[in-house]
Amino acid sequence: MTAKAPNQESNALEPAYRLWAQGYSIGELWGRTEPVSRGGPSLEKTHLIMWGILSIVDDQVRTGAGHEYLRDRLWQKDWVAVGKLDGRMAIIPPIRDAKFGRKPSAIGHGDIIYTDVRVAHSRHLDVVAASD
């Protein structure tokens, strides 16, 4: 079953929602939830983000490295974030000095804050675009 954004059943086929359904929340990336898997039957081959990866980076490299890693992956467009801004689902443009919230899953800077955010590998953006 594909995950759907809350209260957005009618928009589930839109590209941003399909990409969102493949992604992981900020809390999941930090391993602050139960382990999850998404991405369909070929998960190992297509979805390179792992549950808890940012916590692993923080533990193995140094404190703060997990935030830097997430910022870098988003800035370099290796990963893509999708979230709500003013109630509408959108693909989030890279934000240089983004701040992250685990609960609720959020990405922002200054006055702009995206909520209900999920992060997916950029390969999923290509797959979603190709299916339109």
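In this predicted model, Asp 78 has a relative accessibility of 27% and therefore counts as partly exposed, since buried residues lie under 20% and exposed ones over 50%. The side chain of Asp 78 forms a salt bridge with that of Arg 73, at 2.5 Å from N to O. Arg 73 also meets Asp 72 in a salt bridge, here at 3.0 Å, and Asp 72, Arg 73 and Asp 78 are thus joined in a network. Within this network, Arg 73 is buried, at 17%, whereas Asp 72 is partly exposed, at 31%.

A further salt bridge pairs Asp 116 with Lys 84 (3.8 Å, N to O). This pair connects distant parts of the chain, with Asp 116 in strand β5 and Lys 84 in strand β1, 32 residues apart. In total, the structure holds 4 salt bridges.

Helix α5 is a good place to look next. Its buried residues are Ala 65, Gly 66, Leu 70, Arg 73 and Leu 74. They lie on the same side of α5, because they cover an arc of only 165° around the axis. Their cover includes α2, α4, β1, β3, β4 and β5. Just after α5, Lys 77 adopts a positive phi of about 65°.

Leu 70 and Leu 74 return in the largest nonpolar core, which has 18 residues; together with Ile 107 and Val 119, they have the most contacts inside this core. Strand β5 gives the most to the core, with 3 residues. Beyond its sequence neighbours, Ile 107 is in contact with residues including Ile 26, Leu 74, Ala 81 and Val 117. Another core, of 10 residues, lies apart and includes Val 80, Val 82, Met 89 and Val 128.

Methods:
Residues are numbered from 1 along each chain as its sequence is written. This is a predicted model: local features need pLDDT of at least 70, side-chain atom pairs count only at pLDDT 80 or more; totals for chains, interfaces and linings use all residues. Side-chain values use heavy atoms; hydrogens and water are left out. A nonpolar core is a set of buried Ala, Val, Leu, Ile, Met, Phe, Trp, Tyr and Cys residues joined through side-chain atoms within 4.5 Å. Buried means under 20% relative accessible area, exposed over 50%, partly exposed in between (1.4 Å probe, protein chains only). Helices (H or I, at least four residues) and strands (E, at least two) are DSSP runs, numbered from the N terminus. Contact means heavy atoms within 4.5 Å. The arc is that of the directions from the helix axis to the C-beta atoms. Lists of a residue's contacts leave out its neighbours within four places in sequence.
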